[in-house]
Amino acid sequence: MYGQLSGEGIEIPTPCQSAIHKVVYTGAAEVKKHLVSKLHLEKWNISFDGKHIEGIEYQAVVLKNEANKIKLSALKLKNG
């Protein structure tokens, strides 16, 4: 069926965990920079979208306008 690339003599470098983190954080910083530069150009509403999953309540913090929806965060709420 399918053979592993290493078995065929093809080497693929495996990035270390710190390299993966660096790429993720760099990408997130670029997205944040883009959002900060563009968000002030439009009117936005903040809303909370609640969900119950396996008996635990979560709230998603969402920025919305007529054309876009940006999910900012998910909060796990304590009972009560």
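# Briefing: strands β1 to β3 and their loops

Strands β2 (residues 56-64) and β3 (residues 69-76) are paired antiparallel through seven bridges; two strands count as paired if DSSP finds at least two bridges between them. Strands themselves are DSSP runs of E with at least two residues, numbered from the N terminus. The model is predicted, so local features need pLDDT of at least 70 and side-chain atom pairs count only at pLDDT 80 or more, while totals for chains, interfaces and linings use all residues. Residues are numbered from 1 along each chain as its sequence is written, and side-chain values use heavy atoms, with hydrogens and water left out.

**Strand pairing**

- β1 and β2 also run antiparallel, and nine bridges join them.
- In this pairing Ser47 stands opposite Val62 in β2, and Ile53 stands opposite Ile56 in β2.
- Between β2 and β3, Val61 has Ser73 in β3 opposite.
- In a regular strand the side chains alternate between the two faces of the sheet.

**The turn between β1 and β2**

- β1 and β2 form a hairpin with two residues between them.
- Glu54 lies in the loop between β1 (45-53) and β2.
- Glu54 has a positive phi of about 50° although it is not a glycine.
- Most residues other than glycine have a negative phi, and most peptide bonds are trans.
- Glu54 counts as exposed because its relative accessibility is 79%; the classes are buried under 20% relative accessible area, exposed over 50% and partly exposed in between, with a 1.4 Å probe and protein chains only.

**The loop between β2 and β3**

- The hairpin from β2 to β3 passes through four residues, and Asn65 lies in this loop.
- Asn65 counts as buried because its relative accessibility is 17%.
- The side chain of Asn65 reaches two backbone nitrogens: that of Ala67 at 2.9 Å and that of Asn68 at 2.6 Å.
- Both are polar contacts, defined as a pair of N or O atoms within 3.5 Å; within protein, one atom must be able to donate a hydrogen and the other to accept it, and residues adjacent in sequence count only if both atoms are side-chain atoms.
- Leaving out residues up to four places away in sequence, Asn65 touches Glu42, Lys43 and Trp44, where contact means heavy atoms within 4.5 Å.

**Asp49 and the salt bridge**

- Asp49 lies in strand β1 and is partly exposed because its relative accessible area is 34%.
- A search of the whole structure finds one salt bridge, the term meaning a side-chain nitrogen of Lys or Arg within 4 Å of a carboxyl oxygen of Asp or Glu.
- Asp49 forms a salt bridge with Lys51, with the closest N and O atoms 3.7 Å apart.
- Lys51 is partly exposed because its relative accessible area is 46%.
- Not counting residues up to four places away in sequence, Asp49 touches Tyr58, Gln59 and Ala60.
- Asp49 and Asn68 are 19 residues apart in sequence, and their C-alpha atoms are 15 Å apart in space.

**Gln59 in strand β2**

- Gln59 lies in strand β2 and is buried because its relative accessible area is 15%.
- The side chain of Gln59 makes a polar contact of 3.1 Å with the side chain of Glu57.
- Apart from residues up to four places away in sequence, Gln59 touches Phe48, Asp49, Gly50, Ser73, Ala74, Leu75 and Leu77.

**Nonpolar surface patch**

- Ile46, Phe48, Leu75 and Leu77 make a nonpolar surface patch of about 370 Å².
- Patches are made of residues with over 30% relative accessible area and no salt bridge; like charges are joined within 9 Å, and nonpolar side chains (Val, Leu, Ile, Met, Phe, Trp, Tyr) within 5 Å.
- Accessible areas come from the Shrake-Rupley method with a 1.4 Å probe, and for residues only the protein chains shown count as cover.
- Leu75 lies in strand β3 and counts as partly exposed because its relative accessibility is 37%.
- Three of the patch residues, Phe48, Leu75 and Leu77, are among the residues that Gln59 touches.
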